[in-house]
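Hi,

Here is the structure I promised to pass on. Have a look at it first, and then read on for what turned up.

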Amino acid sequence: MNYRHAFHAGNFADCVKHALLVTLIRLLQRKEKPLFLLDTHAGAGLYDLGAEEAQRSGEWREGIARLRQAPHPRLAPYLTLAGEERTYAGSPLLLARLARPQDRVACCERVPEVAARLRALFRANRQVAVHLRDGWEALRALLPPPERRGLVFIDPPFEDRNDYAALAQGLREAYRCFPQGIYAAWYPLKGRGAAHQLHFDLKTGGRLRDVLAVEFWRRPPLDPERFAGSGLIIVNPPYGFAEEAAPLLDVLVDRLGDGEGAGFAIERLLDE
Ligand SMILES: C[S@@+](CC[C@H](N)C(=O)[O-])C[C@H]1O[C@@H](n2cnc3c(N)ncnc32)[C@H](O)[C@@H]1O
């Protein structure tokens with residue numbers, strides 16, 4: 001496995017997915033009941049944007065750097081949680097920062113060195129459990145949570161195209177264990193083909209209900225070899241999510257878009 005998120009941390013796709021993740025969790029936290037937050041593909045949790053990987057790719061300059069230069073009230077909760085100027089908080093740290101005393105966070109990471117960094121980050125935080133384990137397997141092992149309320153974030157590296165099918169399969173299996181869970185599952189948008197296939201698979205594969213696809217593209221996703229945007233499949237979105245997400249995505253299109261062809265869509269794939 002070659003994927004290393006340190007090259008991509010804080011890029012435009014990270015910003016979009018994390019801003020939507022923060023929106024989801026804040027909506028879920030309108031209820032006082034304890035919430036279980038599961039991150040199946042966690043990464044290192046905190047990234048130094050001055051480090052060699054980030055400097056070499058420079059991807060964050062087209063992402064978080066633009067948002068920090070031109071903040072907007074809609075982005076404020078996410079930007080506050082994303083942290084200081086030269087760093088960027090990955091999803092485990094965002095979840096840990098959002099967790100209230102009654103909430104619990106579990107992060108799974110399969111690469112031992114990355115999991116070790118994550119453990120070091122949360123050494124003093126008893127609310128966060130770090131598991132060196134396969135995230136797909138963790139879906140079956142850790143669900144349903146005793147809290148019976150939870151958000152599951154699935155963010156695989158998409159090193160090969162089979163990850164689209166794995167995502168649909170993983171969602172169906174997790175949903176079988178925990179149908180009342182809220183799921184947010186990330187996928188890249190290159191050409192339209194793979195995303196259409198994923199949507200078709202989710203619509204026709206049975207089992208799932210109440211599913212949205214939220215997509216953002218910096219430029220029109222026409223070339224299957226070129227990373228143009230990303231999507232989040234959201235199962236059981238909380239009430240009011242689409243209404244909160246649309247104006248947020250408008251701001252992200254304005255700040256992160258690459259000219260006229262940038263845009264977003266919120267599509268209902270399956271009804272409640
Ligand atoms: C896209 S990155 C995660 C980024 C992170 N979720 C964030 O938003 O900050 C994917 C991570 O999953 C890890 N990974 C790959 N396959 C995995 C698996 N089967 N189970 C758990 N982690 C895996 C990779 O090592 C990598 O750190």
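Where is Ala-42 found? Ala-42 sits in the loop between β1 (36-39) and β2 (46-48). Bear in mind throughout that this is a predicted model.

Is Ala-42 buried or exposed? With a relative accessible area of 5%, Ala-42 comes in under the 20% cut-off, so it counts as buried. Leaving out residues up to four places away in sequence, Ala-42 touches Ser-91, Pro-92, Cys-107, Cys-108, Glu-109 and Leu-118. As for Gln-29, 13 residues separate it from Ala-42 in sequence, and the C-alpha to C-alpha distance in space is 21 Å.

Now the ligand, which is probably what you'll open up next. Glu-109, one of the residues that Ala-42 touches, also turns up here: out of 21 residues around the ligand, His-18, Glu-109, Asp-134, Gly-135 and Asp-155 come nearest. Split by class, that shell has seven nonpolar, eight polar and six charged residues.

For the polar pairs, here is what I have:

- Gly-135: a polar backbone atom is 2.7 Å from a nitrogen atom of the ligand.
- Arg-110: a polar backbone atom is 3.3 Å from a nitrogen atom of the ligand.
- Asp-155: here a polar side-chain atom lies 2.8 Å from a nitrogen atom of the ligand.

How much of the ligand's accessible area does the protein cover? On its own the ligand has 610 Å², and the protein covers 97% of that. Two elements give two or more residues to the shell, namely α1 (12-28) and α7 (135-142).

Helix α1 comes up again in the largest nonpolar core. That core has 97 residues, and Tyr-78, Ile-233 and Leu-252 touch the most other members. Its largest share, 12 residues, comes from α1. If you set aside neighbours within four places in sequence, Tyr-78 is in contact with Cys-15, His-18, Ala-19, Val-22, Ile-64, Leu-67 and Tyr-88. His-18 in that list is also among the residues that come nearest to the ligand.

One last residue to click on is Asp-14, in helix α1. Asp-14 is buried, because its relative accessible area is 2%. What does its side chain reach? The side chain of Asp-14 gets to the backbone nitrogen of Gly-10 at 3.0 Å, and makes a polar contact with the side chain of Lys-17, also listed at 3.0 Å. Beyond four places in sequence, Asp-14 is in contact with His-5, His-8, Ala-9 and Tyr-88. Tyr-88 is on the contact list of Tyr-78 too.

Cheers

Methods
Residues numbered from 1 in each chain as written. Predicted model: local features only at pLDDT ≥ 70, side-chain atom pairs only at ≥ 80, totals over all residues. Heavy atoms only, no water. Helix = DSSP H or I, 4+ residues; strand = E, 2+ residues; numbered from the N terminus. Buried < 20%, exposed > 50% of the residue type's maximum accessible area, 1.4 Å probe, protein only. Contact = heavy atoms within 4.5 Å. Near = heavy atom within 4 Å. Polar contact = N/O pair within 3.5 Å; in protein donor to acceptor, adjacent residues only side chain to side chain. Areas by Shrake-Rupley, 256 points an atom, 1.4 Å probe, with all protein chains shown as cover. Nonpolar A, V, L, I, M, F, W, Y, C, P; charged D, E, K, R; others polar. Core = buried A, V, L, I, M, F, W, Y, C linked by side-chain atoms within 4.5 Å.
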